[in-house]
Amino acid sequence: MGALDGRVALITGAGRGIGRAEALLFAAEGASVVVNDPGVAADGSGGDDGVAAAVVAEITARGGSAVAGTDSVADWDGARRLVELAVETFGDLHVVVNNAAIERNAPLVAMTEAGFDDVLAVKAKGTFAVSHWAARHWRSRFEAGARADRAIVNTASGSGLLNPLPTQTSYAAGNAAVAAMTVVAALELRRYGVRVNCVSPSMVRTRLTAGVPGIQEPGTPGGFDPQDPATVAPLAAYLATAGCPLTGQVLSVRGGSVAVNHGWSRGARAEQDGPWDVAGLAGTLPGLPVDDPFDKLAQALGGAFGITDRDQVLRLVDDTLDRSLDEAHTRSHG
Ligand SMILES: NC(=O)c1ccc[n+]([C@@H]2O[C@H](COP(=O)([O-])OP(=O)(O)OC[C@H]3O[C@@H](n4cnc5c(N)ncnc54)[C@H](O)[C@@H]3O)[C@@H](O)[C@H]2O)c1
């Protein structure tokens, strides 16, 4: 008996990294899987149909059930076709795992319009588009009298929720959007029997983190490797099980640690009887305790790079931006 026996799951970006590991585990747990991946490069360019096909071949070689879908989640009609592929191939759809992403990191002053739009198109619009078409299918099944547990599992990142990282304006915005959508969709889709949650991985060894300080080579085979993409898959699979009661949650996962996130929460407040004026705010707000973005980054780094004080964080941010601007300059001028 698998935890996902009889479930049909559509997993986006399932050709590589975390999505691939999710597809393999979902299939091993008995789900029929639509492996969606257009096989693009990490920046979204190009494409290779063989990437999704290879994961389907792995699953079927192990006796599982899977079909490849190579549409981009950022394509409105493509997202609809992916939902249709699940229903036409396997008879229904129970689970959507929105996992696809690309990155085009650059300092805000150098980020292009297309660089920003394309990252948001995959992360935020792609999550919305696939969820929209799945939700329409689920609504029509529900209205026809069918009752089943349905689930969406979104994917966010500490970059956007917890840790401000320089050069990630677009990526952070996309991930914050996904976390916000998770909670709204959980409210809206409950009436059709749909639960909506989100996983937020961190420091997983994939091509998106290649070269990130702290990412290590794979550990000894068989030993616990906290950066293995497979560490995220059990949480996604649990959230996809018919018996899971959770909805509207954004859960961080890193190695053996799973944590509930509380998102933005209100801090100190200034209150008076009546509206504020500018001078009143100027005299009051600077006295309230606030989160400093540089302190947040220092906390997120947790002592990495030997950073212990604020000056060092300021220097790290400046160095990162300078390096990134130099790289952008070299790319455009050869
Ligand atoms: N690796 C980490 O440490 C980490 C940390 C936080 C969050 N995440 C999130 O986890 C998810 C998976 O990332 P990963 O590290 O496995 O990356 P990855 O690049 O290894 O895999 C992402 C896959 O998505 C596919 N993809 C890209 N654009 C697509 C599109 N338009 N439609 C469908 N598929 C598309 C790519 O072809 C690729 O195979 C992402 O949402 C990422 O933001 C990863």
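Q: Is valine 194 buried or exposed?
A: Start with the cut-off: buried means under 20% relative accessible area. Valine 194 has a relative accessible area of 2%, so it is buried. Keep in mind that this is a predicted model.

Q: Where in the fold is valine 194 found?
A: Look for the element that holds the residue. Valine 194 is found in strand S6. That strand spans residues 194-201.

Q: How far is valine 194 from serine 332?
A: Compare the chain with space. Along the chain, valine 194 and serine 332 are 138 residues apart. Their C-alpha atoms are separated by 47 Å.

Q: Which strand holds serine 200, and is serine 200 buried or exposed?
A: Serine 200 lies in strand S6 too. Its relative accessibility is 2%, so serine 200 counts as buried.

Q: What does the side chain of serine 200 reach?
A: Look for a backbone atom. The side chain of serine 200 reaches the backbone nitrogen of glycine 158, at 3.4 Å.

Q: Now the neighbours of S6. In which sense do S5 and S6 run, and how many bridges join them?
A: Check direction, then count bridges. S5 and S6 run parallel, and six bridges join them. For one pair, take isoleucine 152: its bridge partner in S6 is valine 196.

Q: Which strand is joined to S5 by three bridges?
A: That is strand S4, residues 95-97, which runs parallel to S5. Here, valine 96 has isoleucine 152 as its bridge partner in S5. Isoleucine 152 thus turns up in both pairings: with valine 96, and with valine 196 in S6.

Q: Which hand does the unit of S4, H4 and S5 have?
A: Follow the chain from strand to helix to strand. S4, H4 and S5 make a β-α-β unit, and this one is right-handed.

Q: How many residues of strand S5 are buried?
A: Count along the strand, residues 150-155: six of its six residues are buried. Then check each face. On one side sit Arg150, Ile152 and Asn154. On the other sit Ala151, Val153 and Thr155. Both faces are covered.

Q: Why is strand S7 largely enclosed by the rest of the structure?
A: Count again, over residues 250-254. Four of the five residues of S7 are buried, so the strand is largely enclosed.

Q: In which sense do S6 and S7 pair?
A: They pair in the parallel sense, over four bridges. Cysteine 198 stands opposite valine 250 in S7. Between the two strands, the chain passes through helix H7, residues 233-240. This β-α-β crossover is left-handed.

Q: In which sense do S7 and S8 pair?
A: Antiparallel, over four bridges. S8 covers residues 257-260. As an example, valine 253 has valine 258 in S8 as its bridge partner. S7 and S8 form a hairpin, with two residues between them. In the turn, glycine 255 has a positive phi of about 60°.

Q: Where is proline 234, and is it buried or partly exposed?
A: Proline 234 has its place in helix H7. Partly exposed lies between the 20% and 50% cut-offs. At 44% relative accessibility, proline 234 therefore counts as partly exposed. It is 80 residues from asparagine 154 in sequence, but 14 Å away in space, C-alpha to C-alpha.

Q: Where is threonine 209, and which backbone oxygen lies 2.6 Å from its side chain?
A: Threonine 209 is found in the loop between S6 and H7. A loop residue can still be checked for cover: at 15% relative accessibility, threonine 209 counts as buried. A polar atom of its side chain lies 2.6 Å from the backbone oxygen of valine 204.

Q: How many residues surround the ligand, and which are closest?
A: Read the shell as a list. It holds 29 residues, and the closest are Asp37, Asn99, Tyr171, Val204 and Thr206. By class, 14 are nonpolar, 11 polar and four charged. Helices H1 (17-28) and H4 (113-143) each supply at least two of the shell residues.

Q: Which side chains place a polar atom by an oxygen atom of the ligand?
A: Among them is arginine 16, at 3.0 Å. Tyrosine 171 has a polar side-chain atom 2.5 Å from a ligand oxygen. For threonine 206, the distance is 2.5 Å. Now the cover: taken alone, the ligand exposes 830 Å², and the protein buries 97% of that.

Definitions and conventions
Residues are numbered from 1 along each chain as its sequence is written. This is a predicted model: local features need pLDDT of at least 70, side-chain atom pairs count only at pLDDT 80 or more; totals for chains, interfaces and linings use all residues. Side-chain values use heavy atoms; hydrogens and water are left out. Buried means under 20% relative accessible area, exposed over 50%, partly exposed in between (1.4 Å probe, protein chains only). Two strands pair if DSSP finds at least two bridges between them. A crossover is right-handed if, with the strands pointing away from the viewer, the path from the first strand over the helix to the second runs clockwise. A residue is near a molecule or strand if one of its heavy atoms lies within 4 Å of it. A polar contact is a pair of N or O atoms within 3.5 Å; within protein, one must be able to donate a hydrogen and the other to accept it, and residues adjacent in sequence count only if both atoms are side-chain atoms. Accessible areas come from the Shrake-Rupley method with a 1.4 Å probe; for residues, only the protein chains shown count as cover. Ala, Val, Leu, Ile, Met, Phe, Trp, Tyr, Cys and Pro count as nonpolar, Asp, Glu, Lys and Arg as charged, and the others, Gly among them, as polar.
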